[in-house]
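Dear colleague,

Please find below the structure that I am handing over to you. My notes on what was found in it follow directly after.

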Amino acid sequence: MPRLFSRFILRSLWHQKGRSTITVLGIALGVAVVVAIRIGNHGSIESFKTATESIAGATSLQITAGSGRFDELLLNELGWLDGLGNVSPVVEGQVLFEGHDGETAELLQVLGIDALRDRPVRSYYLLEFDDRRREPTPRQLLELIVDLDAVIATEKFARQHGLAIGDSFPVVVGDRRRELTIKGLLLDEGPGRTLDGNFLLMDIAGAQELFACIGQLDRLDVRLHDEDSLEEAKGAIAERLVPGLIVEQPDDRFGRVDRMIAAFHFNLNALGSVSLIVGLFLIYNSLTISVTMRREEIGMLRAVGASRVQTASLFLGQALLLTIVGAGLGLLLGRILGEVAVRATTVAVETFYIAEAAVASTASQSLRWSDVGWALGLTIPLGLVAALGPALEASRVSPLEAIRGTGRLASARRPSRWALVVAGVAFLLTTVLVRFPSVDGIPVWGYTAELTLLLGAAALVPLILWSLCRLWEVGASSLPRGWRVPGKLAGANLRDASTRIGVSVAALVVSLAMMVAVALMIASFRFTVTYWLDRIISADIMVRPATLNSSIAESQMSPEALAILASDPDVEAIDTFSTRQARFGDTLVTLGCGDFQVLAAKGRLLYAAPARMTSDDVRRAARDGEVFISESFSLRFGKTVGDEVRLPTPSGERAFRIAAVYYDYSNNRGTVVVDRRTFARLFSPDGQEPSPASAALYLREGADPETTRTRLLKRLGENHRLLLFTQASLRTEVMRIFNSTFAITYGLQIIAIAAAVMGVLGTLYTIVHERRREIGLLGVMGATRSQIRRMIVLEATLVGGASQLLGILLGIAMAVILVFVINVQSFHWTIQFRPPWFFLAQSTVLVILASVLAGLYPAARATRFRSAAELREE
Amino acid sequence: MLEVDDVYKSYAAADAPALRGVSLRAEKGDFLAIMGPSGCGKSTLLHLVGAMDQPSKGRVLVDGRSVADLGDDELARWRRQKIGFVFQFFNLLPTLTVLENVELPRLLDGDNGGTCRERAQAMLDLVGMGTKSRRFPAELSGGEMQRVAIARALVNEPSLLLADEPTGSLDTENGESVMRLLAGVNRDLGVTLLLATHSSEAARHARRHVHMRDGAIEALTENPDVAASV
C-alpha cells in the first residue's frame, strides 16, 4: 500500500502542484488563524496570570475588601491571623514609565510591602547585592527602600532602558509626574518576572504616598503555617473576618478574570473556526477535483483488482497527507500570526477586561504542545470527514462505468426533495435553540443554532440552484443575440450539475454568508455606538489621566489638576466620575461613582428603563441612595429597575435599589453607578469622596471648546498629564478603539473572500473537466470558441451570483442570531440591526467580478477540449 | 474452466436486454473470439465474465465458482488474481512508468517485495518491452502501450485473460503484432483467452469463434486454421 500510495497519490499531487499548493496553503491558513487566535487569547491572559502568580509568591490566602482599598487600622483587629500564618500587608498599583524618547510608554506594576513582614511570603533575589548571597535580609531590604521615592526595579527593565542603581527615572501616576530612584535590581525570578520585568518594589509607605492612599491597604497576603489545612483555614478566617473583608486564594482572582474574558475568547475562537471551515472546504474541493479528473484511472485501478476499501483509503490518505502538511505549516505560520493576533486583540482586551494585557510577554506568544495537539487533533479528523464524501465516491466508481465514461451521466439528476425535509427540521431546531440561555456566559446554543441554520441552508442549495437555473433558462432568451445560446446552455448545464456541484456551491454560500453576517454585525454595532455617543455626549470637554488606558483600570486625577480645570473662566460645571473594580458574586463588575446632581442638571444618559427618567427622578435616586446599572449589568445578572443589587462595602455587603438601567457601550462587564455622596458615606474607608478618574467639563454658552482645551492644556503644563477630548476628538478616539477591536474580524473576512474565489475556480474547473466530452461535441457541432468561452464564463457568473444571493440571505439570517442572541449572551449589549447596504452591493460586485475572472481559466481550458480525441472515447 | 449458463443482462435505460440467454463453455487454454457488430453484447459478456458487472439472470462460473456469490472485496481479489484485462484504449496510468504500471496489480495484492519488480520485468521482457521499462506511457506508440497493458494483465498469472477490442485503436501492423503476442501467451502460458472483437483479422488467431447478434449467440464455430495448427 505505501508504494501504491506513493505512485498513485503522491505522484499525482506532484503533477498537480498548483492545486496541491493551494489546498495546503488553505489548510495552513485556516490552522494558522485558529492557532494564532489561541496564542493571542493565551497571551492576553497569560501576562495577567504570570503577574498574579509571580507577585503571590508563597501566599496561601489573600484578604481584600470586596471593592477598593481598606483602612490599615483594621490590622489591629486582625491580630489573631498571626496564629494561622505570616501576614504581609500590601499596596499595589500601576504607573506609566515614559522613556527618554517621549514615545515609549510602558505600564509598570508597583508592589508596596512592609519589608520586615513580607520576607516569609516572597523571596527577592538581587543583582550586585552580596558576593555570596543574592537574597537580602528583611532589614537590608528595608534599608534599601526606606526612602519614599526608592524602588527596586528589575534588572531586565533597567538594562532595556539603560538605567543603573542610583539613577532616577520619571513615571506618571494618575496625572502627576514623579521621579523614582533605583536602589537595587531584581533578578528575573519570583516577583521580578511580573509583566515581563515591568515591576517595581517599594516600601509600603512609599507606595501609599505614591498612590495617594495613606492609611489604606489593598490586601493582606497570608502564608499559612500549615499549608495542608488551606480550606479549613479559609473557612475559619472567613468566619472571623470583620465585615467588608473577604478571604480568597490568589488563583480566585485570576479565575474571575478568566471567566469574564471567556466569552470574548470563545467568540474569537468561533470566528477563527470560519477559516478552518474554509480549509476543510478546500480539502473537499481538492479531492472532488482529484476524483473527478481521475475517474478513468480509478476505474482502471478497480478493474485490475483494487477493492473499494483500498480505493477509498488511497484518497483518504491523500486528504490525511494534505491535512498534516497544511496543519504543520499552519502551526509555524500561526506562531508568526500569533504576535499579530496579540496586537490585534490587545486593544480590546485592555480596554474592556485587563489592563495587564498591554504587557503580553513574548514567552506567552510561543507555540505550546497543547496548540500542536489541538491543531492536529481537530484538523485531522475534520480533514478526513471533509474527504469522506469524495473518497466514498471514488470507491463507488465502477470499473465498467469508468471505462465506458457513463458515470457522470448517471449522476446528473434533479435534486432530491428530501432536502426540504432536512432543511425544515434544521430550521425548526434553529428557532428552538436560539431561545436557550447561555452556558456560563458562553453562547453555546447560539452558535449551535448558527450551525443548524447553516446545515439547513446548505441542504437547500442544490434545489435552489436548480430552480434559479430554470428561471435563468427562461430569461436567457431575452439576452443579447450573441449571448442567447451560451446563456441557455450555461443554465441547462448548471441545472443538470446542481446536485453534483451542490456541496461546493454550498461551501461557497457558507463562506460568503459568514462574511456578510460578520460585516452586518460590525455595521450594526458601529451604528449603535455612533448613535449612543451622539445621544449621550453633552459635555464640551472630556478629561482623563494619560495613564488611564482602560475602561476598567483605576487611575486618579489629582486635586491640583481638578482645581486648574475648575478655575477656568469658561468652565461652568464639572461632572467627575471614578471607577473601581468590585466583586459581585464570583465575578467582577465596575463600581462607578458620579455626581447625580450634575447629571440631573446637565447630563444625558440613554435609558433602557424606565422609559422616561426626569431630572427630578435622578435627584430622588441620589437622595435615596439608589443606583443606576448599565444595560450589560442588567442583561448579565438579570436585574432591572426596582430590583436590588448587593455590593461589598467596608461595613459589609449592602443592598441598593436600582433606579434606572442605562445604555453603556464603554465596557461590558457591567457597571453599577452610585452618587458621589452615597459613595463617600458607604464605600470610602475614610469617608472622603473618591478622587475622580475622569471628568466632563460643561462650558459657558458661547465658549469655544477647542480654545478652552488649548488654554487648559497650557495651564496644566508638564506637571499634569491629562488627556482632553472635545466631542469630535472623543468620537474619533472611540472609533479608533472600535476599529482596533474588530480589526481581526476584518482579517477573517478577507480570508473568507479569498476562499470564495478559490472555491469558484475549483468548482468550475471540476464542472468543465467533467463535461469535456460534451464541450468537445459542441465544438464539433459548430459552436465557436467564443461561444464556448461565453458559456463557461456565464456558468461562473451564475455560480458566483447565485452563491452571493444565497450568501446574503443566509448571512442576514445568521447576523440576526449574532446580533440578537450571541452578542447579547456574550457581551450583554443590545445592538440596533442595520444592514450595510453599500458593503453588500460592493461585495456583490466583487464576488461576481471574481467569479467572471475565475471562469476565464476553465473557459480557456474548455476550448482545448474540442479535439476529436475527446470524442473518440465516447 | 469457464461456464456461462443462460445469462441475461438488462439495463434500466435500455429498451431491449443486452444479453439474452447466453450459454458458453471454455476449457483451460481455450481461445475464443466473440464476434459480432457493435451493440451485439460482446463487451457486456466480457464484463460479466470479468466480474466487472453482475448478470440479471443466469450464472457465470470461473473454475467452478459463481462470481455472483462474491462480495465486493472478494470480487476485487478475484479480478486481481484470476483475471487479466486488456482494453481497447490501454488504460495505463500516465503518471507511472511502464514498469510501475505493470507492478500495479501485484502491489494491490500486497506484494511490495523484490519479486514484484522481478515479475513485472519478466512480463515486460515477455511482451518485448523489457528495454523500455523506465519510460512513461506518453513516450510509447499505441502498439507498445497495448503490449504493456498485456504485461500488466499477465503479471498476476491469471487463469483467464479478457481482451476487449485490443486492436481497435491500432493500425493493421501493430494490431497483427498484438494479436500474435496474445496468441503466443495463450499457447505458451496456457492462459484461457476471451477476445471480443469485430475484426475478422484479429479473430483469425482464435481457436473458436462465437458469433453474437442482438444479445444472443447466433453460432459457435471452430477455426479450422488454428485447430489444424494445434
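In this predicted model, A:L127 belongs to strand β5 of chain A, which covers residues 126-127. Is A:L127 buried or exposed? The residue counts as partly exposed, because 17 C-beta neighbours lie inside 10 Å, whereas a buried residue would need 20 or more. Leaving aside residues up to four places away in sequence, A:L127 touches A:E155, A:L185 and A:L187. One of these partners, A:L187, is 60 residues away from A:L127 along the chain, yet 5.9 Å separates their C-alpha atoms.

In chain B, a pair of strands deserves your attention. Strand β9 (residues 208-213) and strand β10 (residues 216-222) of chain B pair in the antiparallel sense, with six bridges between them. Within this pairing, B:R208 is found opposite B:E222 in β10(B). The two strands, β9(B) and β10(B), make a hairpin with two residues between them. In its turn, B:D214 has a positive phi of about 50°.

Lastly, I turn to the interface. Contacts between the chains involve 24 residues of chain B and 21 residues of chain A. On the side of chain B that touches chain A, the elements giving two or more residues are α2 (72-82) and α3 (98-108) of chain B. The largest share, six residues, is provided by α2(B). Sorted by class, this side of chain B has eleven nonpolar, nine charged and four polar residues.

With kind regards

How values were computed
Residues numbered from 1 in each chain as written. Chains lettered and ligands numbered in written order. Predicted model: local features only at pLDDT ≥ 70, side-chain atom pairs only at ≥ 80, totals over all residues. Contact = placed C-beta atoms within 7 Å. Helix = DSSP H or I, 4+ residues; strand = E, 2+ residues; numbered from the N terminus. Nonpolar A, V, L, I, M, F, W, Y, C, P; charged D, E, K, R; others polar. Buried ≥ 20, exposed ≤ 12 C-beta atoms within 10 Å, placed from the backbone. Pairing = 2+ DSSP bridges.
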